[in-house]
Amino acid sequence: MTPISTLPPTTFPAIERLELPSADLRACIVAPLAEFSTKKDFAFMSRYVTLALRDERGVDGGLIAQVYWDWMHIEILAVPERWRGLGLGRALMEQAEAIARDEGCTGVWVDTYTFQSPGFYETIGYRPFGRLPNYPKGESRVFFAKLFQPDETPEPERAA
């Protein structure tokens with residue numbers, strides 16, 4: 001596939017809303033960011049980490065993360081209701097953290113909502129570093145990080 005940036009422009013582009021993009025389409029959308037970042041000596045080469053919960057019925061829940069710029073970002077952590085309370089969320093996070101450490105990451109960050117699971121992340125050593133209020137209305141989106149070097153851990157902020 002020829003990168004778009006090497007092709008001469010023809011017309012002004014239209015903005016098109018798409019459903020979930022394929023890996024190739026995502027790469028085309030991210031390419032300008034990657035090119036700019038690389039010029040600043042911050043090559044954008046993300047790698048996905050996917051940990052699935054699977055039983056005899058197939059995959060139901062798990063974890064999806066990206067590793068780039070020396071950090072792992074947990075995008076999705078989902079454990080079905082029938083499996084909650086068994087330590088699977090903790091086990092998924094611990095396995096993701098082990099992968100991040102093996103890849104030389106500084107730490108892991110994740111975001112959640114005040115109506116979901118901020119207490120869970122605090123109990124496994126994550127500390128809040130940001131908050132987006134009224135998202136959704138009456139609640140907040142909370143950003144957590146765990147740094148692997150304890151002396152780098154910022155003062156904790158109350159999540160909820």
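Start by selecting Trp109, which is partly exposed at a relative accessible area of 22%. On the scale used here, buried means under 20% relative accessible area, exposed over 50%, and partly exposed in between, with a 1.4 Å probe and protein chains only. Before moving on, note that this is a predicted model, in which local features need pLDDT of at least 70 and side-chain atom pairs count only at pLDDT 80 or more, while totals for chains, interfaces and linings use all residues. Residues are numbered from 1 along each chain as its sequence is written, and side-chain values use heavy atoms, with hydrogens and water left out.

**Strand β4 and its neighbours**

Now widen the selection to residues 107-113, which are strand β4. Helices (H or I, at least four residues) and strands (E, at least two) are DSSP runs, numbered from the N terminus. Six of the seven residues in β4 are buried.

Next, add residues 71-78, strand β3, which runs parallel to β4 and is joined to it by four bridges. Strands count as paired if DSSP finds at least two bridges between them. To find one of these contacts, pick Trp71: its bridge partner in β4 is Gly107.

On the antiparallel side, show residues 140-147, strand β6, which seven bridges join to β4. Here Trp109 has Ala145 of β6 as its bridge partner.

**Over the helix**

Select residues 88-102 for helix α2, which together with β3 and β4 makes a right-handed β-α-β unit. Right-handed means that, with the strands pointing away from the viewer, the path from the first strand over the helix to the second runs clockwise. Helix α2 has 15 residues and reaches 21 Å from first to last C-alpha, close to the expected 21 Å; that expected span is 1.5 Å times one less than the number of residues.

Which residues of α2 are buried? Colour Gly89, Leu92, Met93, Ala96, Glu97 and Ala100. Looking down the axis of α2, you will find these buried residues within an arc of 135 degrees, so they line one face of the helix. The arc is taken from the directions from the helix axis to the C-beta atoms.

**Aromatic rings**

Time to show the rings. Those of Phe, Tyr and Trp (its six-membered ring) pair if their centres lie within 6.5 Å; planes under 30 degrees apart count as stacked, over 60 as edge-to-face and the rest as tilted. The count comes to nine aromatic pairs. One of them is the tilted pair of Trp109 and Phe143, at 6.4 Å centre to centre and 35 degrees between the planes. Trp109 lies in β4 and Phe143 in β6, so this pair ties together parts 34 residues apart in sequence.

Keep Phe143 selected and add Phe129: they form a tilted pair too, at 6.1 Å and 50 degrees. Phe129 belongs to strand β5 (residues 127-133), 14 residues away from Phe143 in β6. Phe129 is partly exposed, at 45%. For a cluster linked by ring pairs, select Phe120, Tyr121, Tyr126 and Phe144.

**Last stops**

Also in β5 is Arg131, partly exposed at 35% relative accessibility. Its C-alpha is 4.5 Å from that of Val142, 11 residues apart along the chain.

In the loop between β5 and β6, go to Pro136; the peptide bond leading to it from Tyr135 is cis, with omega near -5 degrees.

Finish in the loop between β2 (58-68) and β3 at Trp69, a non-glycine residue with a positive phi of about 50 degrees. Asp70 sits in the loop between β2 and β3 and also has a positive phi, near 65 degrees.
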